[in-house]
Amino acid sequence: MACEKVATSCDVLVVGAGIAGCEAALAAAGSGARVLLASAGQTFSGSSFFPGTWGLGLVGPNGERDEEDFVRTILGVGRGMAVPGLVRALVHGVGRAVARLEARGVELRGADNPDERDFIPCFDSRVRCWHGLGRASYRDATEAALARAGVETLPGHELLDLVERDGRICGAVLSDSAGGTARVVGANAVVLATGGFGGLFSRTLTVPDVLGTAAAVALRHGARLVNLEFIQIMPGLVEPVRNVVFNERTFRYARVEGFDAPDAAELLNSRGGHGPFTASLPDRAVDLSLAAAGERGAAVSYDLPGRLPEFMQTYFTWFEGAFGRRPDSGLRIAPYAHASNGGILVDEHGFTGVPGLYACGEATGGMHGADRIGGLSSANGLVFGHAAGIAAARCPARDEEGSSRSVTEKTDLRDLRRAMDQHCLIGRTDDGLRKMGRVLDELDERNAQARSAHAANAILSARALVTAMLARTESRGAHFRADFPHEDPAQARPLVVTLGKDGRPVARPLS
């Protein structure tokens, strides 16, 4: 990257332009702040706008009377890994978030047959308040709202570092992918809304720039990370198209190549109740079979009913429109990395504990646990994005600029992604994770010559994941250790990752 630097100033810098980032920007602007919304891709990008699925589900409680039951259910599904205060803030904030969307003019789809089994969210046991959040409607209404609020957008700018002075964040360094320059943005507060860690894998159901690199940057500046080992792993298509979400509800009508357990029909029926893999239910046998099938995945065939349930029909209609064929006309599936249940640890206002630094959406953790109820990722972005934007707008003005590290070109991450696929998806082991650590050591040595901040951030984010995966010597929720296949009650607490004195991640229980 060229040495030229472009200086910019604002009250609140929001990094990441998916749902969480857009909500944070609108909330900060609505509180009177001058807001800059930067993103590595285009505005309205990241996991929120991943094209490999029809849209987004948004789940909340069925009114105030359902809130406490929903809180208890989320904590139970989280299997001891969710932070109760964050769960309550999430549940209590969904209704107001829905009202804000409707007031903005976002079209929220309701269910024609809400009592159908398929509208019970993943890992839940009862129907909640469900909305289909269409990306096009959200984008159109929110783009107009951002313009009215005077939010300046800065697409094509990746976060490389934060600017810090006397322990307080007072801006960020962004790389301009088009102009080849480094842009230093001074701000009273920075909100990180850059998504999870799915882009660290080559087989992923998100966009490649969702690398968790903001978590690495935050870690270097004193933030804590939580629940990193709980990355959702979903079945996705490898044929006839790749990088497309498989509709798990169809498992109950399916036959899966190589999966011939005596109780296969019962396990497939159970597996149809949730999209992500979980080590905490017997139907994990389905996903272990898919993982054993290798790179090409397993063939799936169907015996479908004459009339598809509504939720399934929505997927079939979208798939035919997007790809020109039915999704049951010969397909193969394999495990893919998907959304992250963990990330930067925040409080109910999105505050990271580092003055001037906030985070929201999939970049954060604590409001979800070992497993996450379907539809709560969207709710997280809406609720905590709004809260973080308001809190960031209240930060006092900075005195002067601080310091940051130098920045350089992007680096090819294919070796990292292939190794993550091999060692950090389903079936993690001590041996495999330590091999992954050695791969990261080699990549660090190689990057010492290139001095790429982009690569250094990706390597550190991967190293933080591996540290948490190694430390959790059990199987729980989205984390499966083939060498420790059972849940250990003594480990029923979240792990927090910080940086040790040697600059390497360290995992310890959250106190």
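Biologist: In this predicted model, how many bridges pair E3 with strand E7?

Modeller: Happy to start there! In this predicted model, strand E7 covers residues 152-155. One bridge has Ser 39 with Pro 155 of E7 as its partner. E3 and E7 pair in the parallel sense, and the number of bridges is four.

Biologist: Which residue in E3 is the bridge partner of Leu 13?

Modeller: Let's look at E3 and strand E2, residues 12-15. These two strands pair in the parallel sense over four bridges. In E3, the bridge partner of Leu 13 is Leu 36.

Biologist: What is the handedness of the β-α-β crossover from E2 to E3?

Modeller: Follow the chain with your finger: after E2 comes helix H1, residues 19-30, and the path then arrives at E3. This β-α-β crossover is right-handed.

Biologist: Is strand E3 largely enclosed or largely open?

Modeller: Look at both faces of the strand. Val 35, Leu 37 and Ser 39 point one way, Leu 36 and Ala 38 point the other way, and all are buried. Five of the five residues of E3 (residues 35-39) are buried, so the rest of the structure leaves this strand largely enclosed.

Biologist: Which strands stand at the edges of the open sheet E4-E6-E5?

Modeller: Good one to trace by eye! Three strands form this sheet, and the pairing is antiparallel. An edge strand here has a single partner strand, so one side of it is left without a neighbour in the sheet. The strands at the edges are E4 (56-60) and E5 (108-109).

Biologist: Which residue in E6 stands opposite Leu 58?

Modeller: E4 and strand E6, residues 129-133, run antiparallel and are joined by five bridges. Opposite Leu 58, in E6, stands His 131.

Biologist: Which helix packs on that sheet, touching E4, E5 and E6?

Modeller: Here the direction helps you find the helix: it makes about 130° with that of E4. The helix that packs on the sheet is H3.

Biologist: Is H3 roughly parallel or roughly perpendicular to H9?

Modeller: Start with the axes of helix H3 (residues 84-104) and helix H9 (residues 376-393), which come within 8 Å and cross at roughly 85°. Angles of 65 to 115 degrees count as roughly perpendicular. That makes the arrangement of H3 to H9 roughly perpendicular.

Biologist: How many residues of the contact of H3 with H9 are nonpolar?

Modeller: Among the residues that meet are Leu 86, Leu 90 and Arg 100 in H3, and Leu 376, Asn 380 and Phe 384 in H9. The contact includes three polar residues and one charged. The number of nonpolar residues is 11.

Biologist: Which strands stand at the edges of the open sheet E20-E18-E12-E21-E22?

Modeller: This sheet has five strands, and its pairing is mixed. Strand E18 (residues 343-345) runs parallel to E20, joined by two bridges, and Leu 345 has Gly 365 as its bridge partner in E20. The strands at the edges, each with a single partner strand, are E20 (364-365) and E22 (505-509).

Biologist: Which residue with a positive phi follows H7?

Modeller: Helix H7 spans residues 284-292, with Arg 284, Val 286, Asp 287, Ser 289 and Leu 290 buried. Those buried residues pack against several elements, including strand E13 (231-239) and helix H6 (264-271). After H7 comes a residue whose phi is positive, near 85°: Gly 294.

Note on methods:
Residues numbered from 1 in each chain as written. Predicted model: local features only at pLDDT ≥ 70, side-chain atom pairs only at ≥ 80, totals over all residues. Heavy atoms only, no water. Axes fitted to C-alpha atoms, helices over the stretch in contact; angles between N-to-C directions. Parallel < 35°, antiparallel > 145°, perpendicular 65-115°, else oblique. Contact = heavy atoms within 4.5 Å. Nonpolar A, V, L, I, M, F, W, Y, C, P; charged D, E, K, R; others polar. Pairing = 2+ DSSP bridges. Buried < 20%, exposed > 50% of the residue type's maximum accessible area, 1.4 Å probe, protein only. Right-handed = clockwise from strand over helix to strand, strands pointing away.
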